[in-house]
Amino acid sequence: MHFEKGYKTIEDSKTETIHCLQYEDINGFGRLFGGRLMEWIDTTAGVTAMRHSGIVVTTAAVDHLEFKNGAYLGDILVIIGKVVYVGNTSIDVRVDTYVEDVKTGLRRPINRAYLTEVCVDKDGKPVPVPYGLTLSNESEKAEFEIAKKRRESRKTVSI
């Protein structure tokens, strides 16, 4: 990989993890335990952000975690993380989760989430992201703009 002038593409840091669902991943209703999936999503997002930045990150926010379908014992899960936005110290990562049919290779979506990862130093203090994001097509540009709006709306919400 060659990172030209301090920028990386979405493909440079795209991350894919695979899990075969086992008994310890299943809840009392016979489906994938949501907390287990959230753990895997968080890990995939963190790895994606670290691959982009080259720096340790910590999760600052999870937006729009949407469970669309269930997954069951023996299912193959494919979790894909990709950078959709880069700010000053933070990186937004979209994580899509699929169940893959081992016979056909077809993937059925079961979850989508957006996570904000913050680059931190050894003391846990935010540091600048060293690489910007090169957007290659209209779809990537649209996702970038949506991420900007999501970040803005998060700033206006008070607890």
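In the predicted model, Thr17 is partly exposed, with a relative accessible area of 22%. This residue is placed in strand β2. Because partial exposure begins where burial, set at under 20%, ends, the value of 22% puts Thr17 in the partly exposed class. When neighbours within four places in sequence are set aside, the contacts of Thr17 are Thr44, Leu77, Val78 and Ile79. Ile110, by comparison, lies 93 residues from Thr17 along the chain, and the C-alpha atoms of the two are separated by 15 Å.

Strand β2 covers residues 15–20 and pairs with strand β4 in the antiparallel sense, over 6 bridges. Within this pairing, Thr15 stands opposite Gly81 of β4. Strand β4 itself comprises residues 76–86, of which 10 out of 11 are buried, so that the strand is mostly covered. Strand β4 is also joined to strand β5 (residues 90–100) by 10 bridges, and these two strands likewise run antiparallel. One of the bridge pairs links Ile76 to Glu100 in β5. Together, β4 and β5 form a hairpin, with 3 residues between the strands.

Val78 is a residue of strand β4. Its relative accessible area is 0%, and Val78 is therefore classed as buried. Apart from neighbours within four places in sequence, Val78 is in contact with Glu16, Thr17 and Ile18, and also with Asp96, Thr97, Tyr98, Glu100 and Arg107. Thr89 is 11 residues from Val78 in sequence, yet the C-alpha atoms of this pair are 28 Å apart in space.

The largest nonpolar core contains 32 residues, among which Leu32, Leu37, Leu77 and Ile91 touch the most other members. At least two residues of this core are supplied by each of α2, β4, β5, β6 (107–119) and α3 (138–156). The greatest contribution to the core comes from β4, with 6 residues. The surroundings of Leu37 include both nonpolar and other residues: beyond four places in sequence, Leu37 touches Leu32, Phe67, Leu77, Ile79, Thr97, Ile110 and Asn111.

Nonpolar residues also occur at the surface. Val47, Met50 and Val56 make a nonpolar surface patch of about 220 Å². Val47 is found in helix α2, which spans residues 34–53. With a relative accessibility of 32%, Val47 counts as partly exposed. Since patch membership requires over 30% relative accessible area, Val47 meets that requirement at 32%.

Charged side chains were examined next. The count of salt bridges comes to 11. In general, side chains of opposite charge can pair when their charged atoms come close. Lys14 forms a salt bridge with Glu11, in which the closest N and O atoms are 3.9 Å apart. As the cut-off for a salt bridge is 4 Å, the separation of 3.9 Å between Lys14 and Glu11 falls within it. Lys14 is partly exposed, at 34% relative accessibility, whereas Glu11 is exposed, at 55%.

A salt bridge also connects the side chains of Arg94 and Asp96, with an N to O distance of 2.7 Å. Both Arg94 and Asp96 are buried. In a further salt bridge, the side chains of Glu100 and Arg107 meet at 2.8 Å, N to O. Glu100 is partly exposed, at 22% relative accessibility, and Arg107 is likewise partly exposed, with a relative accessible area of 35%. Salt bridges that share partners join Arg94, Asp96, Arg112 and Glu143 into one network. Glu100 thus takes part in a salt bridge with Arg107, serves as the bridge partner of Ile76 and is in contact with Val78.

Thr59 lies in strand β3, which is formed by residues 57–67. At 30% relative accessibility, Thr59 counts as partly exposed. Not counting residues up to four places away in sequence, Thr59 touches Asp42, Leu115, Thr116 and Glu117. Leu21, at a distance of 38 residues along the chain, is separated from Thr59 by 25 Å between C-alpha atoms.

Key:
Residues numbered from 1 in each chain as written. Predicted model: local features only at pLDDT ≥ 70, side-chain atom pairs only at ≥ 80, totals over all residues. Heavy atoms only, no water. Buried < 20%, exposed > 50% of the residue type's maximum accessible area, 1.4 Å probe, protein only. Helix = DSSP H or I, 4+ residues; strand = E, 2+ residues; numbered from the N terminus. Pairing = 2+ DSSP bridges. Patch = residues over 30% accessible without salt bridge, like charges linked within 9 Å, V, L, I, M, F, W, Y side chains within 5 Å. Areas by Shrake-Rupley, 256 points an atom, 1.4 Å probe, with all protein chains shown as cover. Contact = heavy atoms within 4.5 Å. Core = buried A, V, L, I, M, F, W, Y, C linked by side-chain atoms within 4.5 Å.
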